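Me: I would like to learn how to read the packing of two helices. Could you take me through it slowly?

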Amino acid sequence: MSETWTYILVIAGVILAALTIAAGNIFIERRLLSLWQDRLGPNRVGPFGILQVVADVVKIFTKEDWVPRFADRGIFILSPTIVMITTMIVFAIIPLSPGIVVADLNIGLLFFFGFSSLGAYSLVLAGWSSNNKYALLGAMRGASQMLSYEVFMGLSLMGVVMMTGSFSMVDIVEAQKNTWFIVPQFVGFLIFLIAGLAESHRIPFDIPESESELVAGFHSEYSGMKFGMFFVGEYLGITLISALTATLFLGGWNGPAFLPPIAWLLIKVFGMIAFIILLRAALPRPRYDQLLGFGWKILLPLSLLNLLITGAIILST
Amino acid sequence: MLIAFYIAGVIAVVSTIMAVTRSNAVHALLYLIVSFLAAAVVLFVLGAHFAAALEVIVYAGAIMVLFVFVIMMLNIGGETEKAKERWLVPKRWIGPALMAAILFAILSYAILNQPVATASLSIVEPKTVGISLYTQYLLGVEIAAVMLMAGIIGAFHLGYTKRKSKHRFLKGE
């Protein structure tokens, strides 16, 4: 009985933590961006402006939530939920501390690939059901971008899988007791980070919604909390990519013993989030064909080469 | 676990029937995706975790996205749907449906006369799948690789156009 309760407690904790971090990201991003751009940022509501998020949530909940007459109603309502569900469910495979994980699957990483590829539907269906040409263009860009970058995302992580000999996230963290995988798998780390940003269509790669060309891309017709779900979904995506990078390449909960393992994991996750926000502050958006060309002509051969060399080294030792 | 198997099986059958009978192509594709996901759950319950993951990644996640992509750009609706209703008069579908019903009857007869097979619940590790793919079924993997290569070359050939410059100074190049 008590085991069931700990289980439920861990699940509730993971859901709550993921949502809180995702919502908190909005505040962190605005403050960090303003720091790097020599401004103050939101600092009026609450201490350091931390309650700004609460104010924003209240505002977005009380906004008019409108479904256009020309939209395909069922799919229009369904698609924002897909991005939330597919992103939230992957947090189940991330080991938080020794022995604390929601699901230690023997196909852990493949579970993540599966759900991240299902996440593409959210964007595609949102664009299609809006019945709006800008939304449709955004959805087309999003579909091709996510389909292409899934390929290298999978290949870039195969080096880690080969060095561990397992798809299980718990085994991958255990294998990093001595050396973090960022050292032997640095190329894999870079490719995974780029592909992860493209998967969560995060700012240097936010081509599906590039507001200077497509109004707001696939979510042009969305308002109120349906838009809010896309918005939070993007921040959940950032949190997920940071958590996965921390787990796969930065040793997960491994760290010196003076802090508890969960603290090490959180430090690494927040470090990655800050880095991704810095990328937003620093990089311009590439053109659509540049993004796809970069993926297929540079990242794909590079990840294949990485796979080949890692395999050769493992075979020879 | 057996109850999960039956629930997923029912969902797979129902959503496949819905996929065949929808007149809106995107709705039909959505039901087809649900059917693939249900098939993945069936595989997972039977212990083939790796096959279940691949079912989601390859079929539901990649191939169906391409289908939705193409259907999305065709913008089917209005006139085509009316035309489809005209084609689907009972005269057209009653013959194939009868023959399919006979096949279904034969199939159920054959299944019912089989000795009762219980669902095996042995878990297949991803490693086992990989080892059998690269030893016992190596030839199949290589044939698939060659076919994919042919597909890539074909796609390149179809998509290749000589680069043309529209700029008035660069026209001759």
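Reply: What follows is a short talk about helices that pack across two chains.

Reply: This is a predicted model, in which local features need pLDDT of at least 70, side-chain atom pairs count only at pLDDT 80 or more, and totals for chains, interfaces and linings use all residues. Residues are numbered from 1 along each chain as its sequence is written, while chains are lettered from A and ligands numbered from 1 in the order in which they are written.

Me: What describes two packed helices?

Reply: The angle between their axes and the distance between the axes describe them. Here helix α4 (residues 108-130) of chain A and helix α3 (residues 49-74) of chain B pack at about 15 degrees, with axes 8 Å apart. Axes are lines fitted to C-alpha atoms, for helices over the stretch in contact, and angles run from 0 to 180 degrees between N-to-C directions; helices are DSSP runs (H or I, at least four residues), numbered from the N terminus.

Me: Which way do α4(A) and α3(B) run relative to each other?

Reply: They are therefore roughly parallel, a term for angles under 35 degrees, whereas those over 145 count as roughly antiparallel.

Me: What are the distance and angle for α5 of chain A and α3(B)?

Reply: The axes of α5 (residues 133-164) of chain A and α3(B) come within 11 Å and cross at roughly 155 degrees, and the two helices are therefore roughly antiparallel.

Me: Which residues of α5(A) meet α3(B)?

Reply: Among them are A:Leu136 and A:Met140, with contact counted when C-beta atoms, placed from the backbone, lie within 7 Å. On the α3(B) side, the residues include B:Val65 and B:Phe69.

Note on methods: Angles under 35 degrees count as roughly parallel, over 145 as roughly antiparallel, 65 to 115 as roughly perpendicular and the rest as oblique. Two residues are in contact if their C-beta atoms, placed from the backbone, lie within 7 Å.
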